[in-house]
Amino acid sequence: MNKILVWDIPARLFHWAFAGSLAAAIGIGFLVDDDAPLFQLHMLFGIVALFLLAVRVVMGIVGSRYSRFSSYPVHPREVASYMISAAVSKTKLYAGNNPGSATAAVLMFLLVPALFISGIGYGGEAIEELHEAFAWALLVVIVMHLAGLAWHTIRHRENISLAMVTGKKSGRAEDAISSSHAVWGVIIAIVAGVWIAALFAGHNASTATVKLPGLGVTLQLGENEGGKGKQGRERDDD
């Protein structure tokens, strides 16, 4: 089989930006005390991950062939069959996501909003207590995903991680996507870059708050000396 294009530029940009924001949020969250000034960056990178996920949801509906959620092979029977074959023999090759990577992606996409909601105090103290459990669950999913990539690379002798750099995998010509959508990649990169830059510009370290660009909402990122608790939110009137 020849190398074919399966991941367009928007998909690759999202993949690495999302991975980077999660790595930063998780690393800071586990290594820094929650009363340290640096901990505010943990929450900022978590917000970045949530924003990128919102972009990814749009791509999952109107994006390229393998970016669409409808292409995800996540039927329980197919996932179970894939996992069993992965353990005992070579698995079926998929042009886009395989059942393992698709399942990992779905779990990550569900856990990030759960982490945001529990991290900023929506739902009260009971939900907030689940934040650490969600964080560990996300870390487990990421580790299992990376292990799956390594196992696939060894068994099939194809570095599929490289596909998120080049956009290409081994496959049949008829399974290729028609375009890398470079223009959309540039547009998404600019919009996301401006929003993220505005997010960090709206961060006030002295009050441990951040104003979400375009939403008129200010979030508390740490201890709130006004007595509202560890996290909170308020809507700006100006």
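Colleague: Is Ile154 buried or exposed in this structure?

Modeller: Ile154 is exposed, because its relative accessible area is 57%, and the cut-off for that word is over 50%. Please keep in mind that this is a predicted model. Ile154 lies in helix H6, which covers residues 131-156. The C-alpha atom of Ile154 is separated by 33 Å from that of Leu50, a residue 104 places away along the chain.

Colleague: Which other residue of helix H6 could I look at?

Modeller: You could look at His152, whose place is also in helix H6. His152 is buried, because its relative accessible area is 8% and the word applies under 20%. Leaving aside neighbours within four places in sequence, His152 is in contact with Tyr82, Thr91, Leu93, Arg157, Glu158 and Ile160.

Colleague: How should I read a charged residue such as lysine, and where is Lys169 placed?

Modeller: Read the place, the accessibility and the contacts in turn. Lys169 sits in strand E2, residues 168-171, and it counts as buried because its relative accessibility is 8%. The side chain of Lys169 reaches the backbone oxygen of Ala95 at 3.2 Å. Not counting residues up to four places away in sequence, Lys169 touches a list of residues that includes Asn2, Trp7, Tyr94, Ala95, Glu158 and Ile160.

Colleague: What is the general idea behind a nonpolar core, and which residues touch the most other members here?

Modeller: In soluble globular proteins, nonpolar side chains tend to be buried together. In this model the largest nonpolar core has 49 residues, and those touching the most other members are Phe18, Ile47, Met108, Phe109, Leu138, Leu199 and Leu219. Helix H2 gives the largest share of this core, with 10 residues. To follow one member, take Ile47, which, apart from its neighbours within four places in sequence, is in contact with Phe116, Trp195, Leu199, Val210, Leu212, Leu219 and Leu221.

Colleague: Which residues make a nonpolar patch on the surface?

Modeller: Val57, Val58, Ile61, Val62 and Phe69 make a nonpolar surface patch of about 430 Å². Val57 has its place in helix H2, residues 39-62, and counts as partly exposed because its relative accessibility is 37%. Helix H2 therefore has a residue in this patch, namely Val57, while it also supplies 10 residues of the largest nonpolar core.

Colleague: How do I read a salt bridge, and how many are counted?

Modeller: Side chains of opposite charge can pair when their charged atoms come close. The count for this model comes to three salt bridges. One of them joins Arg65 with Asp175, and their closest N and O atoms are 3.9 Å apart, which falls inside the cut-off of 4 Å. Arg65 lies in the loop between H2 and helix H3 (76-88), whereas Asp175 lies in the loop between E2 and helix H8 (182-201), so the pair ties together parts that are 110 residues apart in sequence.

Colleague: Are the two partners, Arg65 and Asp175, buried or partly exposed?

Modeller: Arg65 is partly exposed, with a relative accessible area of 43%, while Asp175 counts as buried at 13% relative accessibility.

Colleague: Which residues do the salt bridges join into one network?

Modeller: It helps to take the remaining pairs in turn. The side chains of Arg172 and Glu174 meet in a salt bridge with an N to O distance of 3.7 Å, and those of Asp175 and Arg172 meet in another at 2.9 Å. Through shared partners, the salt bridges join Arg65, Arg172, Glu174 and Asp175 into one network. Within this network, Arg172 is partly exposed, with a relative accessible area of 47%, and Glu174 is exposed, with 54%.

Colleague: What should I notice about the backbone angle phi of His181?

Modeller: Most residues other than glycine have a negative phi, and most peptide bonds are trans. Phi of His181 is near 50°, which is a positive value in a residue other than glycine. His181 is placed in the loop between E2 and H8, and it counts as partly exposed at 28% relative accessibility.

Colleague: Where is Ala208 placed, and is it buried or exposed?

Modeller: Ala208 is in the loop between strand E3 (203-204) and strand E4 (209-212). Ala208 counts as buried, because its relative accessibility is 8%. Its phi is positive, about 55°, although Ala208 is not a glycine.

Key
Residues numbered from 1 in each chain as written. Predicted model: local features only at pLDDT ≥ 70, side-chain atom pairs only at ≥ 80, totals over all residues. Heavy atoms only, no water. Helix = DSSP H or I, 4+ residues; strand = E, 2+ residues; numbered from the N terminus. Buried < 20%, exposed > 50% of the residue type's maximum accessible area, 1.4 Å probe, protein only. Polar contact = N/O pair within 3.5 Å; in protein donor to acceptor, adjacent residues only side chain to side chain. Contact = heavy atoms within 4.5 Å. Patch = residues over 30% accessible without salt bridge, like charges linked within 9 Å, V, L, I, M, F, W, Y side chains within 5 Å. Areas by Shrake-Rupley, 256 points an atom, 1.4 Å probe, with all protein chains shown as cover. Core = buried A, V, L, I, M, F, W, Y, C linked by side-chain atoms within 4.5 Å.
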